[in-house]
Amino acid sequence: MDRLLDLFWALAEVSPAVLGLDKAGGVESGKALRLRFVNTEHKMNRRRLYLGPALQQTLYVASLLAASKLGAPYVALDAPPEVEWYDGLPLIYSEAVEDETRLYEAGLTSAESAIMRVQEWTREQAQEELERIRAERAREPQTNLGLEDLLNGGVQNQGALNVGA
């Protein structure tokens, strides 16, 4: 029976963890759970790739039919709608922040874009937040010493030692 179940999961391309039937037991983090859903996620991505355009066209044609047959309250769409697909897993905020931080530090994204993605904000909201952050940083004294400064006793201490020598 176990072998048949394993074959079923393989052919269906569904992770047993989706139904809570994973033999490995509980998960330690959201990232570990996502790794268990890899097969299912790949299947959903293929469905999204093949069925997405057909779904968009179906919704567009349905809006045209509703507007022409049912009249006044229904308005036809101008173009096929964008369909947003979700994997059904909750967003793990700390992982999203870590990913955006890495992208920003590598120079692959702007702070504004990172804020927009993590907070799901508009460009205007992100710009306002960046302005608030800059204003707060301007008010705060710069007490951050780098590792080199700490190991060498600080830049000011080095200068004082050299002057007195």
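Colleague: Is Glu100 buried or exposed?
Modeller: This is a predicted model, where local features need pLDDT of at least 70, side-chain atom pairs count only at pLDDT 80 or more, and totals for chains, interfaces and linings use all residues. Residues are numbered from 1 along each chain as its sequence is written, and side-chain values use heavy atoms, with hydrogens and water left out. Buried means under 20% relative accessible area, exposed over 50%, and partly exposed in between (1.4 Å probe, protein chains only). Glu100 has 12% relative accessibility, so Glu100 counts as buried.

Colleague: Which residue forms a salt bridge with Glu100?
Modeller: A salt bridge needs a side-chain nitrogen of Lys or Arg within 4 Å of a carboxyl oxygen of Asp or Glu. Here the closest N and O atoms are 2.8 Å apart, and the partner of Glu100 is Arg117.

Colleague: How many residues apart in sequence are the parts that Arg117 and Glu100 tie together?
Modeller: Arg117 lies in helix H5, while Glu100 lies in helix H4. Helices (H or I, at least four residues) and strands (E, at least two) are DSSP runs, numbered from the N terminus. So this pair ties together parts whose separation in sequence is 17 residues.

Colleague: What is the relative accessibility of Arg117?
Modeller: Its partner Glu100 counts as buried. Arg117, though, counts as partly exposed, because its relative accessibility is 43%.

Colleague: How far apart are the closest N and O atoms in the salt bridge of Arg123 with Glu112?
Modeller: Arg123 and Glu112 form a salt bridge. The pair links distant parts of the chain, with Arg123 in helix H6 and Glu112 in helix H5, 11 residues apart. As for those closest N and O atoms, their separation is 2.3 Å.

Colleague: Which member of that pair counts as buried?
Modeller: Let's take them one by one. Arg123 has 41% relative accessibility, so Arg123 counts as partly exposed. At 14% relative accessibility, the buried residue is Glu112.

Colleague: Which helix holds both Arg132 and Glu129?
Modeller: Those two form a salt bridge as well, with their closest N and O atoms 2.6 Å apart. Both count as partly exposed, Arg132 with a relative accessible area of 44% and Glu129 with one of 22%. They sit 3 residues apart, which means about one helical turn separates them, and the helix they share is H6.

Colleague: Which residue is linked with Glu98 and Asp99 in a network of salt bridges?
Modeller: Here we're looking at a network rather than a single pair. Glu98 and Asp99 bring the acidic side chains, and the residue linked with them is Arg102.

Colleague: How many salt bridges turn up in a search of the whole structure?
Modeller: We've met several already, including Arg117 with Glu100 and Arg132 with Glu129. Searching the whole structure, the total comes to 5.

Colleague: Is Leu4 buried or exposed?
Modeller: Leu4 lies in helix H1, which covers residues 2-12. Its relative accessible area is 55%, so Leu4 is exposed.

Colleague: How many helices are there in the protein?
Modeller: Start at the N terminus and walk along: the elements run α-α-α-α-α-α-α-α. The strand count is 0, and the number of helices is 8.

Colleague: And what percentage of the residues count as buried?
Modeller: Now we're back to the idea we started with. The protein has 165 residues, and the buried share of them is 15%.
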